Amino acid sequence: MKLYNLLKSAKIAVTIAPAPREASKCCGISLLFKNKEDIPSIQECIANNNIEINKIFEMESKINPKRDRFC
C-alpha cells in the first residue's frame, strides 16, 4: 500500500490487483501499470523508500474493456 500511495502521489497511473498467475503461483497482490516508460521512476521510488518487492513482471495486457458492459 505504501508503494501504491507513493506512485499515485508521483502521478504514475497504477492499479491494485490480484497477482497474475503468470507472475506468481501463490496468492498475493500486485500493482499494475501501463507505461513501460514509468519503470525507471518506479524503481527509483522503490529504492528511495526501502520498499521490498518480489519482482517487476512484464506481461501482455488481458484487460477486457467490455467486461462490465451489458448493452
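Helices (at least four residues) and strands (at least two) are DSSP runs, numbered from the N terminus. The exercises below use these elements in a predicted model.

**Exercise 1. The elements and the confidence**

Task: State how many helices and strands the chain has, and in what order the elements run from the N terminus. Then find which element has the lowest mean pLDDT and which the highest.

Solution.
Step 1. Count the elements: the chain has 2 helices and 2 strands.
Step 2. Read them from the N terminus on: the order is α-β-β-α.
Step 3. Look at the chain as a whole. Its mean pLDDT is 84, and 77% of the residues reach 70 or more.
Step 4. Look at the elements. The lowest mean pLDDT, 87, belongs to β2, and the highest, 95, belongs to α2.
Step 5. Apply the rule of reading: where pLDDT is low, the predicted coordinates should not be read in detail.

**Exercise 2. The two sides of helix α1**

Task: Decide which residues of α1 are buried and how they are arranged around the helix axis. Say what covers them.

Solution.
Step 1. Use the cut-off: a residue is buried under 20% relative accessible area and exposed over 50%.
Step 2. By this cut-off, L3, Y4 and L7 are buried in α1.
Step 3. Look down the axis of α1. The buried residues fall within an arc of 100°, so they line one face of the helix.
Step 4. Turn to the other side of α1, where K2 and S9 are exposed.
Step 5. Identify the cover: β1 (15-18), β2 and α2 are among the parts that lie over the buried residues of α1.
Step 6. Take Y4 as an example from this helix. Leaving out residues up to four places away in sequence, Y4 touches V14, T15, I16 and L31. The C-alpha atoms of Y4 and L32 are 9.8 Å apart, while the two residues are 28 apart in sequence.

**Exercise 3. The nonpolar core**

Task: List the residues of the largest nonpolar core and say which helices each supply at least two of them.

Solution.
Step 1. List the members: the core has 9 residues, namely L3, Y4, L7, I12, V14, I42, C45, I46 and I51.
Step 2. Assign them to helices. At least two residues of this core come from α1 (2-9), and at least two from α2.
Step 3. Follow one member across to other residues. C45 touches L3, L6 and L7 when residues up to four places away in sequence are not counted.
Step 4. Set this beside the whole chain: of its 71 residues, 20% count as buried. Of the contacts with a separation of 6 or more, 40% are between residues 24 or more positions apart.

**Exercise 4. A buried serine**

Task: Decide whether S30 is buried or exposed, and find what its side chain reaches.

Solution.
Step 1. Locate the residue: S30 is in strand β2.
Step 2. Compare its accessibility with the cut-off. S30 counts as buried because its relative accessibility is 16%, and buried means under 20%.
Step 3. Find the polar partner: the S30 side chain is 3.3 Å from the backbone oxygen of P18.
Step 4. List the contacts. Beyond four places in sequence, S30 touches T15, I16, A17, P18, A19 and P20.
Step 5. Add a distance. N54 and S30 are 24 residues apart in sequence, and their C-alpha atoms are 9.8 Å apart. N54 lies in the segment after α2 and is exposed, with a relative accessible area of 81%.

**Exercise 5. The salt bridge**

Task: Find how many salt bridges the whole structure has, and explain what the pair K36 and E58 ties together.

Solution.
Step 1. Search the whole structure: there is 1 salt bridge.
Step 2. Name the partners. The side chains of K36 and E58 meet at 3.0 Å, N to O.
Step 3. Place them. K36 is in the loop between β2 (29-32) and α2 (39-48), and E58 is in the segment after α2, so the pair ties together parts that are 22 residues apart in sequence.
Step 4. Check the accessibility: K36 and E58 are both exposed.

**Exercise 6. Positive phi**

Task: For K11 and N50, give phi, and then state where each residue lies.

Solution.
Step 1. Start with K11. Its phi is positive, about 65°, although K11 is not a glycine.
Step 2. Locate K11: it lies in the loop between α1 and β1. With 75% relative accessibility, K11 counts as exposed.
Step 3. Go on to N50. Its phi is near 50°, a positive value in a residue other than glycine.
Step 4. Locate N50: it lies in the segment after α2. N50 is exposed, at a relative accessible area of 73%.

Methods:
Residues are numbered from 1 along each chain as its sequence is written. This is a predicted model: local features need pLDDT of at least 70, side-chain atom pairs count only at pLDDT 80 or more; totals for chains, interfaces and linings use all residues. Side-chain values use heavy atoms; hydrogens and water are left out. A salt bridge is a side-chain nitrogen of Lys or Arg within 4 Å of a carboxyl oxygen of Asp or Glu. Buried means under 20% relative accessible area, exposed over 50%, partly exposed in between (1.4 Å probe, protein chains only). A nonpolar core is a set of buried Ala, Val, Leu, Ile, Met, Phe, Trp, Tyr and Cys residues joined through side-chain atoms within 4.5 Å. Contact means heavy atoms within 4.5 Å. pLDDT is the predictor's confidence in each residue, from 0 to 100. The arc is that of the directions from the helix axis to the C-beta atoms.
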